[in-house]
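Okay, thanks everyone, I'll keep this short. Let me put the sequence and the structure up, and then we'll go through the contact between the chains and one helix.

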There are 2 protein chains.
Amino acid sequence: MTLNQVTAQKVRVNLAERSYDILIGDGLLSGAGQEIAARLPGARVAIVTDSNVAAAHAKQLVQSLDLAGIASTTISIAPGERSKRFEVLQQVVDGVLSARLERGDAVIALGGGVVGDLAGFVSGIVRRGMKFVQMPTSLLAQVDSSVGGKTGINTAHGKNLIGVFQQPALVLADTQVLDTLPDREFRAGYAEVAKYGLIDRPDFFTWLERNWQAVFAGGVERVHAIAQSCQAKADMVERDEYETGDRALLNLGHTFGHALEAATGYDSARLVHGEGVAIGMALAHRFSSRLNLCSMDDTTRVEAHLRAVGLPVTLAEVPGGLPGAERLLDYIMQDKKVSRGALTFILTRGVGQSFVAKDVPSSEVLSFLQSVT
Amino acid sequence: MTLNQVTAQKVRVNLAERSYDILIGDGLLSGAGQEIAARLPGARVAIVTDSNVAAAHAKQLVQSLDLAGIASTTISIAPGERSKRFEVLQQVVDGVLSARLERGDAVIALGGGVVGDLAGFVSGIVRRGMKFVQMPTSLLAQVDSSVGGKTGINTAHGKNLIGVFQQPALVLADTQVLDTLPDREFRAGYAEVAKYGLIDRPDFFTWLERNWQAVFAGGVERVHAIAQSCQAKADMVERDEYETGDRALLNLGHTFGHALEAATGYDSARLVHGEGVAIGMALAHRFSSRLNLCSMDDTTRVEAHLRAVGLPVTLAEVPGGLPGAERLLDYIMQDKKVSRGALTFILTRGVGQSFVAKDVPSSEVLSFLQSVT
């Protein structure tokens, strides 16, 4: 079994009857059938994937399922954020129903965040909830979106406004598939890895400052960084599964980040999610410094590390230019983390000391944005 | 407060942090605003209703909300089962998002089962779950669909195949609105009332045999019958919220009933849900008698009561004719209560002694159907 390999790690997410394992390691995909058969005996599966990932990895997964005696059907969607919409949801739902899968059967998400969010939503609503397995193939999905049960699609009103909380029965992160990930995408995913250090794990952030090159090179350090990230997210989700409190800390950098994504029309040629988060985290520290919450030394340190790995940290680095401060504030106000009109922000007192700040006056945000645009 | 009235009753559904009250009584709609304000302080609401119900009751509800200082927006859909589909779901979701409601705000379902199922689903997926309030206006919805958290829509593959479990924060059943319900619809809803007696409350069934005329006439007996039904359903839901076991007993009469609805093309001119359930319950008893599980006396007694209130109990009573036994079996096999190919039926050992029978051979069902078609 692949877990015997030196580089494989397991993280347990403890959520009572919804508890599950996250398996992380090189080459795990070839043992996927066995892992599923052990956890969901007798289940059949629908593999939801996108055409790019299908070409690279679907065959290996289907073979592994075959070996374990698991019947599977594959449903492929177009790659990209555009697939997170009602029409595609309906198509995938139809595919799962056409395969006559039942409540005890499983939907497998084989792909990045888009596939995971969409397939998870499907598994949460077909027959009022089927089983769900995450097989994330991007760094972003392995360290963030595949863990914690948030699923959803976008609407004209905003991103992820429709969805359910649907915990997977298993997350299987084959780190070997990252070897073929484009550099830019790996870097963007790394922003979320750094985020866990910045939220409440200063030692992990220090470790990343010293070892990021090895993480980017692959091997033991990469598995370690991903497992640490999953552990950090698992801890947060265990404390607050439905995001009524502390889980909001995971949005560090995301309020500014989402506004930047919206302001660039979700055009991945200009800005991808992780890059928005990198700039957002830098701004969250800088904003905290401006409010005298966080020392400028810490803000400089955070910016230096993100810069070192090649991530953007300022608004000026977004190609094609951005709207002014007031328009950016509008985008922030439209974000779903606005609670009854008051602005909720994740601010920080320093590296690894972030906190949820409610009732941040929009005037403060505006004047900060004016100072950095 | 209306609860001081002699005829008002309260049933509590105990589901830990998802617990809620069901309020039942004449004239409760006029106190709806107060009840919501007490349970969801600060919440705004979207009222989802259909054009028929809106004309009859929306004004009274909006006034009551206004009085309690609750801002509301009304989203009206076309009446009828056809509205339980993806396109209408998308429209209502859009309406709720356009009103900029947040996670702490509520969707109110004001209407029958269609409105409740659709609005509940919407409330379960917008922002990954908003608050939800049921205000059922049909007998069927008051005694069945508004309690227990099942929501959903239909697809080409079958009814209620897409949805979520979403418990309401409050069910408010104004029994006065039943005064204007067409006789046929009240009778159809009564089939579900009788069902609770047949499942496991023989004393309630005996009470209904003696008091059904008073129940149909309205007043104290009607409130009592509805409250007893809600209590019976609440007990079942408390035991098995997600239908992994006993809750399936609530499907007594529904396996045959759903097949009849499908076989008549869901044409309400020919057969409405409650009528299908009435025939289904009679058949479930007759089938149990054929299997020597239930005495023919009990089957005759059940048929006699359903007949007395004016409900159909045989296949011959479905206007327009039905397909043969084999085709009816096909419809049964397509029903979602088929678990991994084996047929699950609710059978009975007599009035109030029903049980879940797994692995019922389809050959037995077929030869039974051949004997009654």
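So, salt bridges between chain B and chain A: the count is 0. Keep in mind that this is a predicted model. What we do get between chain B and chain A is 14 residue pairs in polar contact, counting pairs with both residues at pLDDT 80 or more.

Which elements are involved on the chain B side? The ones giving two or more residues to the side that touches chain A are α3 (86-98), α4 (113-125), β8 (158-162) and α12 (325-334) of chain B. α3(B) gives the most there, with 8 residues. If you sort the residues on that side of chain B, you get 16 nonpolar, 13 polar and 12 charged.

As for size, people often quote the accessible area lost when the parts come together. Here the area buried between chain B and chain A is about 3,200 Å², and carbon and sulfur atoms give 50% of that. In residues, the contact takes 41 from chain B and 41 from chain A.

Okay, now over to chain A, and helix α1, residues 32-39. Which of its residues are buried? Ala32(A), Gly33(A), Glu35(A) and Ile36(A) are. They sit on the same side of α1(A), because they cover an arc of only 165° around the axis. Flip to the face turned away from that buried side, and you find Gln34(A) and Ala38(A), both exposed.

And what covers the buried residues of α1(A)? The cover includes the strands β2 (20-25), β5 (106-111), β6 (131-136) and β9 (170-174), plus helix α2 (51-67), all from chain A.

That's it from me, happy to rotate the view if anyone wants.

Conventions
Residues numbered from 1 in each chain as written. Chains lettered and ligands numbered in written order. Predicted model: local features only at pLDDT ≥ 70, side-chain atom pairs only at ≥ 80, totals over all residues. Heavy atoms only, no water. Contact = heavy atoms within 4.5 Å. Buried area = accessible area lost by both parts, 1.4 Å probe. Salt bridge = Lys/Arg side-chain N within 4 Å of Asp/Glu carboxyl O. Polar contact = N/O pair within 3.5 Å; in protein donor to acceptor, adjacent residues only side chain to side chain. Helix = DSSP H or I, 4+ residues; strand = E, 2+ residues; numbered from the N terminus. Nonpolar A, V, L, I, M, F, W, Y, C, P; charged D, E, K, R; others polar. Buried < 20%, exposed > 50% of the residue type's maximum accessible area, 1.4 Å probe, protein only. Arc of directions from axis to C-beta.
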